[in-house]
Amino acid sequence: MKNNIQFTSILLTGFLTVFLEATLDWPRQFLRFQPDILPIIIIYAAIYLSPLSILALSILFGWWLDSFSLNPFGISAFPLTIIGLIMNRFHELILYETTTGQIVLGFFAGFLAPVLAIILMLGHEPAPIVSHYTFLYCLGNGIICGLVLPGIFKLFNLLIKCFAYPEATSSSFRPDREIKRGKY
Amino acid sequence: MLFIPLLGLQKSISSIFVKTTEQITPRHVLFNELNRLQEENQMLRIQNQQLNELSRENERLRTLIGLQQRLPWKVRLAEVVARDPANWWKSFTINLGSNANIQTNAPVINQDGLVGVVFSVGPFQSQVAAVGDPNCYISALVVETRDQGIIVPSTSTPIDGNLVELSYLPRNASIQPGHNVITSGLGNIFPKGIKIGVILDVQPAEFGLYLKARVKLAVDISKLEEVWVLQK
């Protein structure tokens, strides 16, 4: 039940994010580039969902993004899948519950996703516009993703609290302290 | 296709906002605007008459010297509904597709000059590659010197989306900053004479083999809301 709610809420958030990235113009006017926060949504998904769900979400997000873009269709799915699966593999080793951990994770995801997409497209003809400003964009996207990821965690946790059953409180019963009565 | 309901919702919300703004605009502002538009309309009518006369004269002269008549272009107004979320392309989506007979490689302009070319066509929307995108190379002509080159993306200053490069200019070209750049008509995709921009500076390229110039586009690509698609 909890996983279904998480999957659905992540899917809807990704859908809205792609729409807003394509239609909202003020971030582009203000920052001189359009931030892309899909990698950090995938990071959140990678912690709580199965590899199959991560794969499905990455492919859908990539396709939706590429439907608004001149990117070769489907290419945006690759960086998201790679980041999602790596995060899923190592999530038990990462301190993702601390704010600092979330900021660092968000930075790396936001920086790596455009870098991987550009590397994949270097062989594509015509090649995208790449220069030293592209590095600055990747860095800027990393910073923004780092700052937004703690908010994403809070938002999704709140959503899940609203819709899922409350977690069972742990009992104070301990079997090793049980006083057994009767004949022994 | 999946995003069409959301795009519709966005359009309805913005139209409600526009209607509300219109309702609260004072009468004297509207009357001033009406007077200004009437004056502008009269001016444009006079200019249109002069241009019609010139066009007829041009047709007559072309017939006299045996040149083929130019086919008139039809124009269709389109709205910009989305922009490319990827920062390494310069493209946007318009609200006309194959349902409006839009075809790939159709030139896209606005009142200031050339905007780009239709790159791909969907049933209800099309993707336009703007001037300066790697998918939109244009043969261009410097009006004052008649030198020809090709408009390519500017990799030196991509942070300013309104700068492109006019490359492959002859090395003996005497181009100066401030010269105007228009489409040359070569390649038969763009009609000749659409304004592209103004030369900012010129420098030699590839060890002096040719010249390249930075061009400030006449159209502010980042602030486009409506464009015209040309159809043959």
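1. Starting point: a salt bridge here is a side-chain nitrogen of Lys or Arg within 4 Å of a carboxyl oxygen of Asp or Glu. Arg214(B) and Asp201(B) meet that with their side chains, at 3.0 Å from N to O. This pair links distant parts of the chain, with Arg214(B) in strand 11 (residues 210-217) of chain B and Asp201(B) in strand 10, 13 residues apart. Arg214(B) is partly exposed at 24% relative accessible area, and Asp201(B) is also partly exposed, at 27%. Keep in mind while reading that this is a predicted model.

2. Next, the overall build of chain B. It has two helices and 12 strands, and the order along the sequence is α-α-β-β-β-β-β-β-β-β-β-β-β-β. If you want a box for it, the C-alpha trace spans about 60 × 45 × 35 Å along its principal axes. Of the 232 residues in chain B, 39% are buried. Among contacts in chain B with a separation of 6 or more, 56% are between residues 24 or more positions apart.

3. Surface and charge. Chain B exposes about 13,800 Å², and carbon and sulfur atoms supply 55% of that. It carries 22 positive and 20 negative charges, and the mean positions of the two sets sit 5 Å apart.

4. Now the interface with chain A. How many residues of chain B are in contact with chain A? The count is 34, against 33 residues of chain A. Together the two chains bury about 2,900 Å², 68% of it on carbon and sulfur atoms. Phe3(B), Pro85(B) and Trp88(B) are worth pulling up in the viewer: they supply 28% of the area that chain B buries against chain A, more than any other three residues.

5. Charge pairing across that interface comes to one salt bridge. Arg83(B) pairs with Asp25(A), with the closest N and O atoms 3.4 Å apart. For context, the structure holds seven salt bridges over all chains.

6. Back inside chain B, there is a helical pair to look at. The side chains of Arg36(B) and Glu40(B) form a salt bridge at 3.2 Å, N to O. Why are these two about one helical turn apart? Because they are four residues apart in helix 2 (residues 27-64) of chain B. Arg36(B) is partly exposed at 42% relative accessibility, as is Glu40(B) at 36%.

7. Another pair in chain B is Lys223(B) with Asp220(B), whose side chains meet in a salt bridge at 3.8 Å, N to O. Lys223(B) is exposed, with a relative accessible area of 56%, whereas Asp220(B) is partly exposed at 28%. Separately, salt bridges that share partners join Asp25(A), Arg28(A) and Arg83(B) into one network.

8. Some backbone spots to check before you set anything up. Asn105(B) has a positive phi of about 70 degrees although it is not a glycine. This residue lies in the loop between strand 2 (91-94) and strand 3 (107-110) of chain B, and is partly exposed at 45% relative accessibility. Asn188(B) also has a positive phi, about 65 degrees, and is not a glycine either. Its loop runs between strand 9 (180-183) and strand 10 (195-205) of chain B. Is Asn188(B) buried or exposed? Exposed, with a relative accessible area of 57%.

9. Last one, in chain A: the peptide bond joining Glu125(A) and Pro126(A) is cis, with omega about 0 degrees. Pro126(A) is in the loop between helix 6 (99-121) and helix 7 (132-163) of chain A.

How values were computed:
Residues numbered from 1 in each chain as written. Chains lettered and ligands numbered in written order. Predicted model: local features only at pLDDT ≥ 70, side-chain atom pairs only at ≥ 80, totals over all residues. Heavy atoms only, no water. Buried < 20%, exposed > 50% of the residue type's maximum accessible area, 1.4 Å probe, protein only. Contact = heavy atoms within 4.5 Å. Areas by Shrake-Rupley, 256 points an atom, 1.4 Å probe, with all protein chains shown as cover. Lys, Arg positive; Asp, Glu negative; His and termini not counted. Charge placed at Lys NZ, Arg CZ, Asp CG, Glu CD. Buried area = accessible area lost by both parts, 1.4 Å probe.
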